[in-house]
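Student: I would like to learn how to read the local features of a model. Could we go through them one at a time?

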Amino acid sequence: MASQEILRGEPSRGSFINDPRTRSLFFQTLVVILVFASIWWIVDNVIENLRRLHIASGFDFLKSRAGFDISDTPIAYTSDASYGRALVVGLLNTIIVAAAGIVLATIVGFIVGIGRLSQNWLIRKICTVYVETFRNIPPLLVIFFWYSGVLAVLPPPRESIHLPFGSFLNQRGFYFPRAIWGDGSWLIGVALLLAIAMAWFVARRARQRQKATGQQFPVFWTSAALIVGLPVLAYLLSGMPLTFDFPKQSTFNLTGGFWIKPEFLSLLLALSFYTAAFIAEIVRAGIRGVSKGQTEAASALGLRSGPVLRLVVIPQAMRIVIPPLTSQYLNLTKNSSLAIAIGYPDLTATAGTVLNQTGQAVEGVFIMMIAYLVLSLVTSAVMNVVNARMALVER
Amino acid sequence: MSWVRTEMALAQPAPPGERGAYAWVRRNLIGSIGDTVLTVLGIAIVLWALPQIINWAFINAVWSGPDRTVCTTAAQGGIQPDGWTGACWAFVNAKFGQLMFGTYPIEERWRPILVGILFVVLLVPMLIPRVPRKGLNAILLFLGLPIVSFFLLVGGVFGLPHVETPRWGGLLVTLSLSFVGIAVSLPLGVILALGRRSKMPIVKALCVVFIEAVRGIPLITVLFFASVMLPLFLPEGVTFDKYLRALIGFSLFAAAYMAEVVRGGLQAIPKGQYEGADSLGLGYWQKMTLIVLPQALKLVIPGIVNTFIGMLKDTSLVLIISMFDLLGVVKQNFADPNWASPQTPKSGLIFAAFVFWLLCFGMSRYSMYTERRLDTGYKR
């Protein structure tokens with residue numbers, strides 16, 4: 001009865017070297033030793049190399065004079081400013097192009113994604129061609145296409161293309177009227193905030209009333225009237241303080257107005273058109289992921305096609321859509337570093353210049369990595385909040 | 001007495017309004033007022049764009065010529081009539097050698113061509129499921145070919161003249177970078193994914209930190225890192241090739257993404273499979289290679305191929321650290337005064353886009369085919 005004795009006794013451990021815990025401990029010790037040895041070796045080499053190249057390590061270089069110009073500066077910057085400020089300008093440019101790109105890509109992506117599920121054969125095919133084209137070519141190529149292929153061959157300033165609302169398009173970029181806020185225009189802003197707060201309040205009350213009595217209230221139209229009406233009223237009351245500075249054609253160039261440079265324009269268009277193709281696929285997968293039974297059940301309850309979409313399909317589709325959408329937003333932010341290829345001064349481009357001028361390679365790359373990591377984490381955090389609101393509330 | 005029918009009634013044909021071309025048009029194009037408006041709009045877009053594209057790319061295009069004069073209008077110093085726009089395929093034609101091989105010496109170009117032929121000869125039987133001896137084929141493709149190609153392309157032995165990597169360029173760089181990147185990143189990604197799911201806390205932490213750090217930064221930063229920082233990491237006097245540095249940065253970057261794809265597959269395998277393998281007495285590596293990974297990798301084929309496609313597209317970024325892949329060579333040639341014309345950039349870029357598109361679209365279609373072939377009804 002040997003087997004029963006084994007069963008009754010202490011569980012057999014086997015030999016010492018076959019014990020998983022010993023092995024795990026051994027392997028981990030080995031890994032730690034290897035990792036630390038290589039880090040030590042690398043750090044040692046870096047210190048030795050820096051000493052040989054006479055480069056002082058540390059972040060003191062951030063305070064010294066930059067001495068190079070940046071073409072797009074959202075905040076005041078001259079070549080006399082410090083390296084630190086140059087990097088901040090670069091970071092702001094990255095944020096601007098990424099934020100604008102995310103908005104545009106989402107709009108185009110949702111339209112194309114819904115178009116791919118359209119009843120209409122022609123619209124479906126056009127959207128498919130769009131998605132299959134942009135998904136399969138490199139984003140850098142799209143950027144070059146807009147920059148060298150489209151924007152660079154537009155007519156010179158003298159023969160600018162006139163667009164509606166007094167805007168112009170030419171080789172040097174896109175010009176449109178700049179809004180000038182006069183005295184008392186703060187009233188418009190206040191009115192807008194007030195309108196949004198009131199719309200929120202109305203929506204809340206309407207929801208409560210519908211829960212209690214079943215009566216519905218036209219929330220959308222009321223909110224729209226509030227949000228458009230109140231600022232317009234404030235504008236009229238405060239004596240119409242808003243004027244526009246229109247771009248004017250002079251002999252060689254356009255003066256006045258707001259000027260968007262071709263670098264920014266081509267980067268923005270390329271990033272958003274490229275990412276939109278991926279977002280379209282995500283939206284399509286999300287809507288198709290909602291089972292047909294849901295739509296049919298909603299129809300059986302007597303809902304019309306509008307409310308079926310709004311109350312049943314879209315909330316469930318968003319649950320599927322948001323996580324991959326977040327990673328596309330992160331991709332777009334990271335792809336904005338391609339700006340360096342056409343000379344838009346984003347974070348990578350300015351950090352690259354700083355790195356070349358000072359030779360502070362370690363610090364420069366470190367700053368770049370940290371900045372992108374932080375941007376990614378912030379985007380993820382925002383999208384996680386959105387996701388948590390959309391997620392299925394289970395018991 | 002009730003009457004019971006003994007034979008089935010024959011099926012009636014669908015009403016005339018529900019079949020044939022007219023029904024299809026009614027259902028798919030003019031189903032409702034909104035639909036009709038969309039159709040008209042769509043037709044307008046197609047009618048506006050398609051003739052322009054065909055005109056530009058084929059009818060007005062210039063297919064061959066000695067220099068820029070054939071692609072410019074009289075006002076720009078060429079021979080075309082004023083107002084002419086058309087593709088300048090003559091530019092692509094004239095630069096074709098460069099677009100394929102960069103500045104690889106002309107008398108040595110049979111070497112990359114031979115590598116290309118070997119690649120196709122080994123790849124095609126690999127892709128056709130019915131051809132036998134997949135194991136041998138895979139070893140030749142993923143181990144034999146890189147070694148042979150290395151000696152063929154770099155040279156310096158067997159009487160072949162040495163060709164430095166800065167002279168490589170064009171499609172040669174695009175394909176070699178992405179092929180080696182794929183061959184390295186898949187095994188590395190599998191190991192990282194296994195490490196991330198390991199029960200050993202230190203191994204797990206290292207893998208998580210590596211994967212998340214790399215996924216959080218753009219490829220350009222990684223390439224900067226590889227080209228600027230790697231030399232600093234090595235002892236004085238030890239340098240290695242820029243191409244190799246780009247390759248290392250590129251493979252590590254792709255491995256982090258691959259690891260996340262593979263992890264998805266590992267998580268989708270039910271716990272019973274792991275426990276079943278344990279109860280059979282299999283060790284860790286036996287369990288993984290015989291039971292878990294074959295199922296997990298099969299599940300994530302679309303994800304893996306998407307990563308491959310991403311890598312192929314990302315090779316174009318080596319341009320930033322001044323290496324010239326297909327796109328880089330096109331870009332470089334915009335500056336050629338012999339071919340400077342308003343149509344040259346567009347034509348060159350569209351040619352490059354077409355090549356990238358063919359490769360990526362082919363890959364994605366093949367992955368769909370494989371997915372269908374391997375589908376054993378396991379997926380939910």
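Tutor: Start with a charge over a ring: in this predicted model, the charged end of B:R215 sits over the ring of B:Y257, 5.8 Å from the ring centre.

Student: What scores does the model have as a whole?

Tutor: The ipTM is 0.84 and the pTM is 0.84. For chain B the mean pLDDT is 85, and 98% of its residues score at least 70. Among the elements of chain B, the lowest mean pLDDT, 81, belongs to α9(B), and the highest, 91, to helix α11 (residues 271-279) of that chain.

Student: How many aromatic pairs does the structure hold?

Tutor: Over all chains there are 22. One of the pairs is B:Y366 with B:Y369: the ring centres are 5.7 Å apart and the planes meet at 50 degrees, so the pair is tilted. Edge-to-face would need an angle over 60 degrees, and stacked one under 30.

Student: Where in chain B do B:Y366 and B:Y369 lie relative to one another?

Tutor: The general idea comes from helix geometry. An α-helix has 3.6 residues a turn, so residues three or four places apart point the same way. Here B:Y366 and B:Y369 are three residues apart in helix α15 (residues 344-374) of chain B, and about one helical turn separates them. Both are partly exposed: B:Y366 has 27% relative accessibility, and B:Y369 has 33%.

Student: Which residues of chain A form an aromatic cluster?

Tutor: A:Y130, A:F134, A:W146 and A:F273 form one.

Student: Back in α15 of chain B, is B:S364 buried or exposed?

Tutor: The cut-off for buried is under 20% relative accessible area. B:S364, which also lies in helix α15 of chain B, has 9% and is therefore buried. Setting aside neighbours within four places in sequence, B:S364 is in contact with B:V305 and B:I309.

Student: Which backbone feature should I look for at B:S322?

Tutor: Check the sign of phi. B:S322 has a positive phi of about 50 degrees, although it is not a glycine. The residue is in the loop between α13 (301-314) and α14 (326-333) of chain B. With a relative accessible area of 44%, B:S322 is partly exposed.

Student: How do I read a single helix, say α11 (residues 347-358) of chain A?

Tutor: Compare its reach with the expected span, then look at its ends and its packing. α11(A) has twelve residues and reaches 16 Å from first C-alpha to last, close to the 16 Å expected at 1.5 Å a residue. At the N-terminal end, A:D346 is the cap, with a side-chain oxygen 3.4 Å from the backbone nitrogen of A:T348. Just after the helix, A:G359 takes a positive phi of about 75 degrees.

Student: Which residues of α11(A) are buried, and what do they pack against?

Tutor: The buried residues are A:L347, A:T348, A:A349, A:T350, A:A351, A:G352, A:V354 and A:L355. They pack against α3 (83-115) and α12 (361-390) of chain A, together with α9 (219-233) of chain B.

Student: How far apart in space are A:R319 and A:F246?

Tutor: Keep sequence separation and spatial separation as two numbers. A:R319 and A:F246 are 73 residues apart in sequence and 45 Å apart from C-alpha to C-alpha. A:R319 is placed in helix α10 (residues 305-335) of chain A, and at 31% relative accessibility A:R319 is partly exposed.

Conventions. Residues are numbered from 1 along each chain as its sequence is written. Chains are lettered from A and ligands numbered from 1 in the order in which they are written. This is a predicted model: local features need pLDDT of at least 70, side-chain atom pairs count only at pLDDT 80 or more; totals for chains, interfaces and linings use all residues. Side-chain values use heavy atoms; hydrogens and water are left out. Helices (H or I, at least four residues) and strands (E, at least two) are DSSP runs, numbered from the N terminus. The expected span of a helix is 1.5 Å times one less than its number of residues. Buried means under 20% relative accessible area, exposed over 50%, partly exposed in between (1.4 Å probe, protein chains only). Contact means heavy atoms within 4.5 Å. A polar contact is a pair of N or O atoms within 3.5 Å; within protein, one must be able to donate a hydrogen and the other to accept it, and residues adjacent in sequence count only if both atoms are side-chain atoms. Rings of Phe, Tyr and Trp (its six-membered ring) pair if their centres lie within 6.5 Å; planes under 30 degrees apart count as stacked, over 60 as edge-to-face and the rest as tilted. A charge sits over a ring if NZ of Lys or CZ of Arg is within 6 Å of the ring centre and within 35 degrees of the ring normal. pLDDT is the predictor's confidence in each residue, from 0 to 100.
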